[in-house]
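Trainee: Before I use any of the terms for this model, I would like to see each one set against its definition. Can we go through them in turn?

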Amino acid sequence: MRFSNLFGKTARQMPAETESISHQLLLKSGMIAQEAAGIYSYLPLGWKVLQRIEAVVRDEMNKAGGQEVLLPALQPFSLWEKTGRNVSFGESLFCLTDRKKHKLVLGPTHEEVVINLVRRYVQSYRDLPVLLYQLQTKFRDELRPRGGLLRVREFIMKDLYSFDTSEEGLAQNYERMTQAYKNLYASLGLPVLMVEADSGAIGGKDSHEFIVITDNGEDEVIHCPQCNYAANVEKAHSFKEESIKTPPLPLQEIATPEVKTIEEVAEYVGVPARQTLKSVFYIADGEFIFVVIRGDTNINETKLKNVLQCSTFKMATEAEVVRAGLVSGSASPIGIKKLKIVGDSSIASGTNFVTGANKQGYHFQNANCPRDFQVDLLKDIALAQAGDNCPFCKGKLLSCHGIEVGHIFKLGTSLSEKLGAFFQGEDGSPYPIVMGCYGIGIGRLLASVVEKHHDDKGIIWPSSISPYQVHFCPLHINDPEISSIANKIYKDLQENNVTVLFDDREESPGVKFNDADLLGIPLRLTLSPRTLQKQEIEIKWRTQKQASTLPLQDYVKELKALLKENTNDTAL
RNA sequence: CGGGGUGUGGCGCAGGGGUAGCGCGCAUGGUUUGGGACCAUGAGGUCGGAGGUUCAAAUCCUCUCACCCCGACCA
């Protein structure tokens, strides 16, 4: 490719109004362009990289036994009603109506469609297992798109669906896909952490995420450095500091003027925060929910939402709290009769808690569950935090942030049953197909690679996905001799199947070198009067400061040897 | 959905009642060329949108839209 013909321009200044480094570099290098919030165009270079990532992903999916298909983005709404996921996806589902007034959705994922397809072709256990996958555009009306390609509303996803006759078969495919994912991240030079995850709107049982650890990642991971337990914070379990257990004392009301927060209450009464109870209020599917948890811990809203099995969920506003007859700052479950109360397990493990008296300026001391109050549900709804103890080895848990670059689910049979996907077993009876699904956001993968592989000058592509193998920079290209040799080299490289970006522009060396660094192609070739005089060509790796030279007569052979040697060297 | 911020040539910004200016980029010509060269000439916007105030609005007021960032938080 001649640089002079390349569509898209590199910018001198970083684009304004951007925060994440991948967003900045991808815009600055002219690889992507924004159209609207969370909606991007890929320009030729960015698209080339994306396609190379797709090739790596395809390769691994094929090796794992996947067969590629292409399912429709436009899907009947009625399919979503059958699984009920029109409700769980809620507002993030893009809905539209056709001219015949039929409701359609722009697919945010493809379980419904793929099951509906598979059920027509799978009748017998002999037809299973089968693994289908696609690379397809997904549409999700995200709450807040952010970070350039990191969270968008339209994106290409690789989604694979496994169909098995049994849980054992599913487990095998789950394991196979796990390995395929690990291989693919390694090819891309991405270090990932596999963590236990909440299955969210997709539904299902077991679920794992693959996380690239970076500070500006949206997801929080709790992990144990001792035993390698790792889970998304939404899912993570932990051991908190032991509750205080003393013989129950009589409930006692005390005046606590001007005392509101847990810290203030604990200090005023003279007990540690873990001997207080915190009351928090939510509205779930329109119902007011009273949640009570130990004062030193926080509520994991994902766990709470799962416990409540609701589809809409939010914190109650001050007005709603007042309307429920509660006193902010002094609320407690004691004496609450008409509201649904959810308690965290932590409240049953201790005694003599301090909690509100449901009266402005007063608290209770020595509250005990179930003596003084009862809860409708007692579950683990606590947020695991750094510093808590590991649930397996009691080591101190750590927390870090990361980008979710893959998510796999053991779906089981619930969607199959809802959509009528059954097979006939050896015994002649019908069984629901056992399903798994496995997703990777390709654009997010691209952004993650940039987040991990860049320096202050620009992107550093791993050779496995670089848009070109070589960036060729002839200097003084208006010199006829340089120009003719440069063109010959360009031709030579192409004839030798080396992909090359040929900077044939009449730009100064600084411009060319800076653009080369920004674009991040791993190998740079430079031809100039200086190198020509010695009958040499300069060669420099993007990752290295120093350049070296190759003899002009024989450079192609040596270059190809170097490329071959380094092609697998993606674990940077 | 709440909070904060920003909208002025392709990009980055300044201007803050008297109908727009800088840098980069772009075009033409010339001189340059190993880490974002220089000179000259030139093209390109009517200031996110709508309404209002005013003799006069990019500038003041009202509404609205878009984009960015934070939070979806313990009462």
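The exchange below takes the terms one by one.

Trainee: What kind of model is this, and how are residues and chains labelled?

Mentor: This is a predicted model, in which local features need pLDDT of at least 70 and side-chain atom pairs count only at pLDDT 80 or more, while totals for chains, interfaces and linings use all residues. Residues are numbered from 1 along each chain as its sequence is written, chains are lettered from A and ligands numbered from 1 in the order written, and side-chain values use heavy atoms, with hydrogens and water left out.

Trainee: What makes up chain A in helices and strands?

Mentor: Chain A has 15 helices and 31 strands. Helices (H or I, at least four residues) and strands (E, at least two) are DSSP runs, numbered from the N terminus. The C-alpha trace of chain A spans about 100 × 65 × 50 Å along its principal axes.

Trainee: Which domains does chain A have?

Mentor: Chain A is divided into domain 1 (3-236 + 399-451), domain 2 (252-379) and domain 3 (468-567). The bounds come from an automatic or database domain assignment. The centres of domain 2 and domain 3, taken over C-alpha atoms, are 68 Å apart.

Trainee: Why is Gln 136 called buried?

Mentor: Buried means under 20% relative accessible area, exposed means over 50%, and partly exposed is in between (1.4 Å probe, protein chains only). Gln 136 has a relative accessible area of 7%, so Gln 136 is buried. Gln 136 is in strand β7 (residues 130-139).

Trainee: And Gly 90, what is its class of exposure?

Mentor: The relative accessible area of Gly 90 is 29%, so Gly 90 is partly exposed. Gly 90 sits in the loop between α4 (85-89) and β5 (94-97). The C-alpha atoms of Gly 90 and Ser 311 are separated by 7.9 Å, although these residues are 221 residues apart along the chain.

Trainee: Ile 381 lies in a loop, between β20 (377-379) and β21 (398-412). How do you know whether Ile 381 is buried or exposed?

Mentor: Ile 381 has 0% relative accessibility, so Ile 381 counts as buried. Leaving out residues up to four places away in sequence, Ile 381 touches residues including Val 291, Ile 293, Leu 304 and Val 342. Contact here means heavy atoms within 4.5 Å.

Trainee: Why is helix α11 described as largely enclosed?

Mentor: Helix α11 (residues 442-452) has 10 buried residues out of 11, so α11 is largely enclosed by the rest of the structure. Among the buried residues are Arg 444 and Glu 451. Over chain A, buried residues make up 52% of the 572 residues.

Trainee: What makes a set of residues a nonpolar core?

Mentor: A nonpolar core is a set of buried Ala, Val, Leu, Ile, Met, Phe, Trp, Tyr and Cys residues joined through side-chain atoms within 4.5 Å. The largest one has 56 residues, and Leu 26, Ile 53, Met 61, Tyr 181, Tyr 185, Leu 445 and Trp 461 touch the most other members. Domain 1 and domain 3 both give residues to this core, so it lies between them. Apart from it lies another core of 26 residues, among them Ile 115 and Phe 163.

Trainee: What makes the link between Gln 136 and Leu 71 a polar contact?

Mentor: A polar contact is a pair of N or O atoms within 3.5 Å; within protein, one must be able to donate a hydrogen and the other to accept it, and residues adjacent in sequence count only if both atoms are side-chain atoms. The side chain of Gln 136 reaches the backbone oxygen of Leu 71 at 2.4 Å.

Trainee: Which side chains meet RNA strand B through N or O atoms?

Mentor: Among them, Asp 517 has a side-chain N or O atom 2.3 Å from a base nitrogen of RNA strand B. For Arg 524, the partner is a base oxygen at 2.9 Å. Arg 144 has a polar side-chain atom 2.5 Å from a phosphate oxygen.

Trainee: How many residues surround RNA strand B, and what counts as near?

Mentor: A residue is near a strand if one of its heavy atoms lies within 4 Å of it. There are 47 residues around RNA strand B, the closest being Leu 143, Ser 328, Gly 329, Asp 517 and Ser 528. Sugar and phosphate account for 51% of the atoms of RNA strand B that come within 4 Å of the protein. Helix α13 gives the most to this surface, with seven residues.
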